[in-house]
Amino acid sequence: MIGAVDIGGTKFAVGMVDEHGKVLARAETPSYPERGLQDGLARITRMLRETAEQAGGALQGIGIGCTGPVDPHSGTLGLIEFLPGWEWFNLVEALQNQFKVPAAIENDADAAALAEAAWGAGQGAARMIYVTVSTGIGGGMVFDGKLYRGAGGSHPEIGHHVIDPGGPRCFCGAHGCWESLASGTAMAKNNGRASAYEICQAAERGEPEALAAIEEEGRYLGMGLANLVTLFVPDVIALGGGVMQSRALFWDKINETIRTSCGLVPHERTRLVPALLGKDVALAGAARVFLQRYG
Ligand SMILES: [Zn+2]
């Protein structure tokens with residue numbers, strides 16, 4: 001079994017995963033960023049030991065999916081907005097020393113993409129792009145079984161390409177990037193609602209304002225996806241994340257936007273499908289990070 005660690009902004013999830021992506025045991029804790037790095041590391045280590053005991057197998061190695069930038073080659077964390085004081089820490093080395101097994105790390109969206117490619121919606125597809133739409137928009141690209149990396153092992157941010165240069169300024173520096181227009185956060189903010197989920201529910205009830213918001217969201221989602229289709233013509237785009245739970249509401253608009261925007265490529269070859277791993281994607285992804293390095 002493989003130890004899986006998912007480091008998010010609000011929580012840390014840890015578990016044991018078998019070689020087919022099945023989660024055997026799991027535990028989680030709020031991230032408590034104010035308690036600092038050593039406390040967080042101690043909690044992760046303890047949860048790894050506890051879940052390993054629960055699952056009862058032999059620990060083969062450890063995979064980590066981590067929010068924000070990481071250096072997959074050295075194992076060092078980058079500057080993570082939600083975890084001040086964790087930057088430049090080598091989490092791979094720390095866990096290898098504790099558990100005496102090999103470990104590997106990737107950005108969490110890349111980890112999820114690897115899991116969907118191997119065990120989920122991308123099985124059998126030579127070129128797959130995974131997109132998650134929740135509070136933000138992220139994703140990863142797996143081409144011919146390999147994670148696509150940028151220079152120096154960097155993680156390309158497909159959620160931050162520009163859709164509308166007249167749009168709001170994003171923390172990435174651009175105006176009107178995909179995330180700033182089409183994320184759940186953007187949807188809620190633009191419509192004065194508490195959450196994207198609330199808008200989707202109101203739309204189900206047929207409220208006209210909510211239906212207009214859904215129409216706009218479908219168009220923005222469609223524009224970003226159309227750009228991915230035109231740039232890469234992947235076999236599959238797998239859509240995950242909280243907003244995509246309500247994908248039926250956006251589906252027609254997304255497909256119409258792709259159909260009318262991607263005239264120079266065989267866009268009908270790209271299958272748009274829901275991601276399959278659901279909530280397990282983070283732990284399965286972390287395990288896959290280990291397997292793609294050492295499996
Ligand atoms: Zn941005």
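**Exercise 1. Which strands does helix H2 lie across, and at about what angle does H2 run to E7?**

Solution. This is a predicted model, in which local features need pLDDT of at least 70 and side-chain atom pairs count only at pLDDT 80 or more, while totals for chains, interfaces and linings use all residues. Residues are numbered from 1 along each chain as its sequence is written.

Step 1: fix the names. Helices (H or I, at least four residues) and strands (E, at least two) are DSSP runs, numbered from the N terminus. H2 spans residues 91–99.

Step 2: read the placement. H2 lies across E4 and E7. Contact here is defined by C-beta atoms, placed from the backbone, that lie within 7 Å.

Step 3: read the angle. H2 runs at about 150° to E7. Axes are lines fitted to C-alpha atoms, for helices over the stretch in contact, and angles run from 0 to 180 degrees between N-to-C directions.

Step 4: add helix H3 (residues 108–119). H3 lies across E1, E4 and E7. Its angle to E7 is about 105°.

**Exercise 2. Give the strand order of the open sheet that contains E1, and name its edges.**

Solution. Step 1: apply the pairing rule. Two strands pair if DSSP finds at least two bridges between them.

Step 2: write the order. The five strands run E3-E2-E1-E4-E7, with mixed pairing. E3 and strand E7 (103–107) are the edge strands, and each pairs on one side only. From one strand to the next, the twist averages 15°.

Step 3: check the pairs.
- Strand E1 (residues 2–7) and E2 are antiparallel, joined by six bridges.
- E2 and strand E3 (residues 23–30) are antiparallel, joined by seven bridges.
- E1 and strand E4 (residues 61–66) are parallel, joined by six bridges.

Step 4: find partners. Isoleucine 2 stands opposite valine 17 in E2. Isoleucine 2 also stands opposite glycine 61 in E4. Valine 5 has isoleucine 64 as its bridge partner in E4. Lysine 11 is bridged to proline 30 in E3.

Step 5: look at the turns. Three residues separate E1 and E2 in their hairpin. Five residues separate E2 and E3 in theirs, and glycine 21 in that turn has a positive phi of about 90°.

**Exercise 3. Decide how covered E1, E2 and alanine 94 are.**

Solution. Step 1: set the cut-offs. A residue is buried if 20 or more other C-beta atoms lie within 10 Å of its own, exposed if 12 or fewer, and partly exposed in between; C-beta atoms are placed from the backbone.

Step 2: take E1. Six of its six residues are buried. Ile2, Ala4 and Asp6 point one way, while Gly3, Val5 and Ile7 point the other way.

Step 3: take E2 (residues 11–17). Six of its seven residues are buried, so E2 is largely enclosed by the rest of the structure.

Step 4: take alanine 94. This residue lies in helix H2. Alanine 94 has 16 other C-beta atoms within 10 Å, so it is partly exposed.

**Exercise 4. Describe how H6 and H7 pack.**

Solution. Step 1: choose the descriptors. Two packed helices are described by the angle between their axes and the distance between the axes.

Step 2: read both. Helix H6 (residues 196–204) and helix H7 (residues 208–232) pack at about 120°, with axes 8 Å apart.

Step 3: classify. H6 and H7 are therefore oblique to each other. Angles under 35 degrees count as roughly parallel, over 145 as roughly antiparallel, 65 to 115 as roughly perpendicular and the rest as oblique.

Step 4: list the contacts. Ile199, Ala202 and Ala203 in H6 meet Ala210, Leu211, Ala213 and Ile214 in H7. By class, this contact has seven nonpolar, no polar and no charged residues. Ala, Val, Leu, Ile, Met, Phe, Trp, Tyr, Cys and Pro count as nonpolar, Asp, Glu, Lys and Arg as charged, and the others, Gly among them, as polar.

Step 5: place H7. H7 lies across strand E8 (127–133) and strand E11 (236–240), running at about 160° to E8.

Methods. Contact = placed C-beta atoms within 7 Å.
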